[in-house]
Amino acid sequence: MKVTTVVLTGFLGAGKPTLLNRAIRMRAESGGGGAGGGGKLGIIVNELGAIGVDGDLLPGGAARQVELPGGCVCCVLNDDLDRTVREMLDGNPEIDTVVIETTGVAEPLPIVWALEQPPLHDRLRVAAVVTVVDPTSFAMARAASVTAEIQVEHADVVLLSKGDLASDDEVAETLEAIARLAPEAPCVEGTLDERAGWLLGVLRDPDPDVRSPHVQVHGHGHAHDHSHGHSHGHGHVHGLGHGVHGIDSVAFAVDALVDLEELEEALGELPAVFVRVKGILWAIDPRTGSEAPAWTAVHRVGTRVSSEPVAVPAGGARLVALGPGVTEAPLRAGLARAVVSCEPST
């Protein structure tokens, strides 16, 4: 399978290193284990000292790759993203998940574009662009650089940091700005541990064979129109409406051959409450120019849908979705659009 990759972005001072540090520590405290259930987590940062677990793991002159707690490997980005990624993966074949932390003034789209081109395309699957936004400084950031807005515009998920330091007005104004810039992106709010736990949840694929436990989600009443979701921990989630109080799951077997292109489009059109979707399916992909079916995993995180070839699954074809108040009907309707035939895999 391809290596799950998350691009972590956000303007200067938004709190990316703090979030990533806490996620690394939580991962270590839980015994490690990557998205595939035991692999290493690879972290690529732009600048020396950007991660700085315990303050000095990446001092000047340090080795380019450093072992971190919880089975993580941190690598400093050189001028060539392609080479940095390949060197990390070649030197650590057990890595199954990568986080790329951008500089505070970087635009995420060129990075995603580079990751989705050969030769990296065959090794990586971009799961999400996660943008960290600090409500105490977002207005100033927008005034200082258009990059602050671009980082939000291209987000699949927005994480609101420093909520304990922000005033109600700052939070409300920031949420309204996010609503205009990224109307489809889930926006997750909460404590540092809740946000770090949410990030770890994005890095781990849901197991199609196991229903997710119920998780409380507490809305705090900010009113705006954009669609949001939530996927891990007890943080606030905006734009889902009142009365939604948990992360639910639906899962069912799929005994059919599907058109992967049509299915990806259908998953992309699901309501925002479908924060995380994973399917393992017997599929054809007309975009390849071949009608030969193959086993394929399809994913949705926030607003991004991606897919990858997989080995023959032990449990057969199935779909699983996570989100507040998710139901089977929209997921089954989307699947029905993509069914080519009801013949099972062979």
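## Colleague's note: salt bridges, helix H1 and the largest pocket

1. Arg 332 has a relative accessibility of 41% and so counts as partly exposed (buried is under 20% relative accessible area, exposed is over 50% and partly exposed lies in between, with a 1.4 Å probe and protein chains only). Please keep in mind that this is a predicted model, in which local features need pLDDT of at least 70 and side-chain atom pairs count only at pLDDT 80 or more, while totals for chains, interfaces and linings use all residues. Residues are numbered from 1 along each chain as its sequence is written, and side-chain values use heavy atoms, leaving out hydrogens and water.

2. The partner of Arg 332 is Glu 328: their closest N and O atoms lie 2.7 Å apart in a salt bridge (a side-chain nitrogen of Lys or Arg within 4 Å of a carboxyl oxygen of Asp or Glu). Glu 328 is also partly exposed, at 32% relative accessibility. The two residues are four positions apart in helix H9, so about one helical turn separates them. Elsewhere, Glu 262, Glu 265, Glu 269 and Arg 337 are joined into one network by salt bridges that share partners.

3. Within that network, Arg 337 pairs with Glu 269, with 2.7 Å between the closest N and O atoms. This pair ties together distant parts of the chain, since Arg 337 sits in helix H9 (residues 328-338) and Glu 269 in the loop between H8 and E12, 68 residues apart. Both partners are partly exposed: Arg 337 has a relative accessible area of 37%, and Glu 269 has a relative accessibility of 49%.

4. Overall, the structure holds 18 salt bridges. One worth a look joins Glu 29 to Arg 22, at 3.4 Å from N to O. Here the partners sit on opposite sides of the burial scale: Glu 29 is exposed at 59% relative accessibility, whereas Arg 22 is buried at 19%.

5. Helix H1 covers residues 16-29, 14 residues in total, and spans 20 Å from first to last C-alpha, close to the expected 20 Å (1.5 Å times one less than the number of residues). Its buried residues include Leu 19, Leu 20, Ala 23, Ile 24 and Met 26, along with Lys 16, Arg 22 and Arg 27. Just after H1, Gly 31 adopts a positive phi of about 95°.

6. For the overall fold, the chain has nine helices and 16 strands (DSSP runs numbered from the N terminus: helices are H or I of at least four residues, strands E of at least two). Of its 346 residues, 56% count as buried. Among contacts with a separation of 6 or more, 76% come from residues 24 or more positions apart (contact means heavy atoms within 4.5 Å).

7. What is the volume of the largest pocket? The space in the largest pocket is about 570 Å³. Its lining comprises 25 residues, and Lys 2, His 121, Glu 264, Ser 307 and Glu 308 are the closest to its centre. Two or more lining residues come from each of strand E6 (124-133), helix H8 (260-268), strand E12 (276-284), strand E13 (294-301) and strand E14 (304-309). E14 contributes the most, with six residues. By type, the lining has eleven nonpolar, six polar and eight charged residues.

Definitions and conventions. On a 1 Å grid over the protein atoms alone, a cavity is a set of points where a 1.4 Å probe fits but cannot get out, and a pocket is an open set with protein on both sides within 12 Å along at least five of seven lines; lining residues have an atom within 4 Å of a point. Grid points are joined across faces, edges and corners, and a volume is the space filled by probe spheres set on the points. Ala, Val, Leu, Ile, Met, Phe, Trp, Tyr, Cys and Pro count as nonpolar, Asp, Glu, Lys and Arg as charged, and the others, Gly among them, as polar.
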